[in-house]
There are 2 protein chains.
Amino acid sequence: MKHITIKDIAKHLNISVSTVSRAFNDKYDIRAGTRDLILATAKEMGYRPNPIARKLIKQQSLTVGIVVPEFENAFFPQVIIGAQEVLHKNKFQALVMQSSESAEMERENVQTLVDNMVDGLIVSLASETENLEFYQELIDKKMPIVFFNRVSEQLNTSKVLFDDYKWAFFATEHLLHQGIKNIVHLACPQKLGFAINRINGFKDAHRKHNIEPGEIIKCGFSVQDGERVAGELIAKNTIPEAIFSASDFSAIGAMKIFKRNGFKIPKDIAVVGFSESRLANYMEPPLTTVSQPTVTIGQTAAELLLTQLNSKGIFVPQTIILNGNLVVRESSMKNLYS
Amino acid sequence: MKHITIKDIAKHLNISVSTVSRAFNDKYDIRAGTRDLILATAKEMGYRPNPIARKLIKQQSLTVGIVVPEFENAFFPQVIIGAQEVLHKNKFQALVMQSSESAEMERENVQTLVDNMVDGLIVSLASETENLEFYQELIDKKMPIVFFNRVSEQLNTSKVLFDDYKWAFFATEHLLHQGIKNIVHLACPQKLGFAINRINGFKDAHRKHNIEPGEIIKCGFSVQDGERVAGELIAKNTIPEAIFSASDFSAIGAMKIFKRNGFKIPKDIAVVGFSESRLANYMEPPLTTVSQPTVTIGQTAAELLLTQLNSKGIFVPQTIILNGNLVVRESSMKNLYS
DNA sequence: TTGTAGGCGTTATCAA
DNA sequence: TTGATAACGCCTACAA
């Protein structure tokens with residue numbers, strides 16, 4: 001495809017390319033008349049400045065790379081929308097890449113973005129693999145990076161996090177307050193930094209109420225994982241009074257199996273999920289879950305990155321911990337029926 | 001961030017930049033020894049070819065732009081994953097942009113991608129607005145574009161479509177076969193090309209069985225739209241024996257309201273959705289729906305685009321219509337209970 | 001206020 | 001087989 005260039009306009013108007021260039025960069029001296037003429041004919045000829053050429057010469061791209069482990073679930077797309085919104089307002093463009101939960105693909109993606117001269121990166125780690133040196137090297141080379149949600153303690157950058165401890169605590173307490181004493185926790189893979197925070201929240205809520213915490217079962221993120229665990233509990237005949245799951249999907253899977261085996265939710269087993277999924281509100285019964293401020297996470301990450309980009313010189317990484325809320329629905333309201 | 005360049009290597013090795021360049025482009029004559037030396041030191045120095053500079057001189061970017069109206073739902077992300085897979089195998093990179101269902105933003109996105117010298121575009125229209133001339137101009141300028149899912153008949157390009165007519169027909173027939181005679185269709189916004197195909201499938205299935213089609217109600221894509229319509233049906237006391245909805249979400253909303261008002265699904269009202277959402281299988285009862293081959297749609301679109309990119313010279317646009325299947329679940333099996 | 005010329009990191013055409 | 005050199009489209013001293 002043929003692109004109109006600054007040269008075409010210069011030739012057409014019989015002036016020099018630098019004058020044309022100046023018309024598109026206000027900061028230079030140029031007669032208003034000629035500028036208007038240039039702008040007008042440029043528009044007429046369908047000229048658009050070539051960002052590629054600009055990137056090359058300015059050594060900055062006005063582009064930010066966003067790398068997420070997946071965008072199959074609602075969480076990351078919403079974060080991306082938040083980030084894009086802020087970036088767009090600040091004349092920045094977002095390049096989005098997803099890593100399909102693969103550390104290798106994540107590395108490739110980041111590399112591609114760096115090669116393409118992004119000015120900064122917003123990243124959520126696919127997993128806590130050893131490729132941290134790779135990030136450390138980038139950071140050493142002064143590449144601004146903001147991590148969110150899935151971060152590493154070892155990397156000294158700005159971060160946007162959710163207060164997993166607190167909301168796991170509250171979610172657990174919400175069950176304890178109803179007099180429930182036997183809660184099983186379906187925990188996320190421990191590789192993910194927040195898993196331990198959710199576990200600690202679960203434990204400490206019990207401690208506060210002087211109740212022995214129930215079993216903590218390792219469990220994946222998926223519906224299938226929840227189904228499997230519920231199946232095992234039924235097989236062992238160790239049915240808890242409540243389930244607090246670190247993911248909505250495993251909660252939903254567990255709920256499905258329990259219901260299929262004749263248990264009533266929440267009467268026999270109360271269920272609380274985590275990380276408000278689109279499904280939660282349409283479950284039977286609707287699922288109580290912790291809602292994270294997804295869009296705000298994205299906005300905040302973008303803002304932190306822009307701050308860093310604008311701070312010529314010294315910059316101190318910040319960690320921002322965002323708040324959420326517990327969306328109480330029927331699945332956890334045991335005393336409705338008591 | 002400082003990038004190592006071809007010059008740094010040339011200086012380091014005391015050779016010319018052209019020799020270094022050649023080492024990275026096999027097709028040129030270069031002594032194996034020097035090439036290996038260059039490649040080795042390049043690696044050591046952390047050099048990576050700058051794709052930006054390459055794009056500029058080669059006038060091709062090995063990059064494809066993908067523009068979708070949204071990626072909140074599962075559909076588009078899956079299509080994107082399919083497209084990325086094929087592109088990646090062919091050394092192409094995908095730049096993904098979403099338009100939040102806004103024609104204006106879509107135009108901006110496409111423009112940005114074109115400015116960034118993408119070699120081609122894969123697009124699903126946000127809506128059937130008048131900005132079609134914009135696309136027509138691009139097509140006239142020889143920009144390869146493949147549309148999918150939401151397309152326009154006016155644009156003569158390759159397209160990837162789903163056989164909406166056929167599957168609406170089958171879905172309707174699945175209800176009629178059970179002896180259901182009074183089916184209401186919740187139709188998509190007519191602006192979307194496939195809405196009319198689904199409506200025609202619905203009508204023709206009735207025609208085949210010599211049954212008068214039930215009411216066709218205009219309805220949006222969302223859960224709320226389905227809730228509203230169900231509410232209206234209840235208010236008017238015109239409860240159908242079945243609902244065939246052109247979207248899973250409106251089906252789910254309708255189901256929710258019907259259930260809340262004491263109707264049993266599928267006993268009182270059978271429900272069929274469209275476009276397999278992640279929720280469908282976890283509804284109560286699980287929702288019967290038409291499943292589209294999302295990943296294949298993306299793969300096919302990418303393949304069509306690559307074909308066009310490789311076809312130096314004459315190229316004839318193709319339209320590929322993909323097949324799906326009806327996932328029958330409990331929500332539509334009325335005769336289970338009769 | 002405008003033009004000339006050099007350069008951003010590559011590739012490609014010539015000579016050598 | 002290698003090296004100068006001119007592009008690609010744009011920006012920006014410096015000169016005019």
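This tour goes from the domains of chain A to a sheet in chain B, and ends at DNA strand D. The model is a predicted one.

**Chain A, by domain.** Colour residues 6-49 as domain 1. Domain 2 takes two segments, 61-162 and 294-320. Domain 3 is also written in two pieces, 164-292 and 326-337. Now place a marker at the C-alpha centre of domain 1 and another at that of domain 3 of chain A: they lie 64 Å apart.

**The sheet in chain B.** Select β6, β7, β8 and β9 of chain B. They form an open sheet with the order β7-β6-β8-β9 and parallel pairing. The edges are β7 (216-218) and β9 (270-272) of chain B, each paired on one side only. From one strand to the next, the twist averages 20°.

Zoom in on β6 (residues 183-187) and β8 (residues 242-245) of chain B. Four bridges join these parallel strands. Pick Ile183(B) to see one residue pair: its bridge partner in β8(B) is Ala242(B).

Next, show helix α9 (residues 193-208) of chain B. Helix α9 lies across β6, β7 and β8 of chain B. Its direction is at about 170° to β6(B).

**DNA strand D.** Select the 27 residues around this strand. Which of them come nearest? They are Thr5(A), Ile6(A), Ser18(A), Ser18(B) and Ile57(B). Both protein chains give two or more residues from α2 (17-23) and from α4 (51-58). The largest share, five residues, comes from α4(A).

Finally, colour this surface by class. Twelve residues are nonpolar, ten are polar and five are charged.

Note on methods. Residues numbered from 1 in each chain as written. Chains lettered and ligands numbered in written order. Predicted model: local features only at pLDDT ≥ 70, side-chain atom pairs only at ≥ 80, totals over all residues. Pairing = 2+ DSSP bridges. Axes fitted to C-alpha atoms, helices over the stretch in contact; angles between N-to-C directions. Contact = placed C-beta atoms within 7 Å. Domains from an automatic or database assignment. Near = placed C-beta within 6 Å. Nonpolar A, V, L, I, M, F, W, Y, C, P; charged D, E, K, R; others polar.
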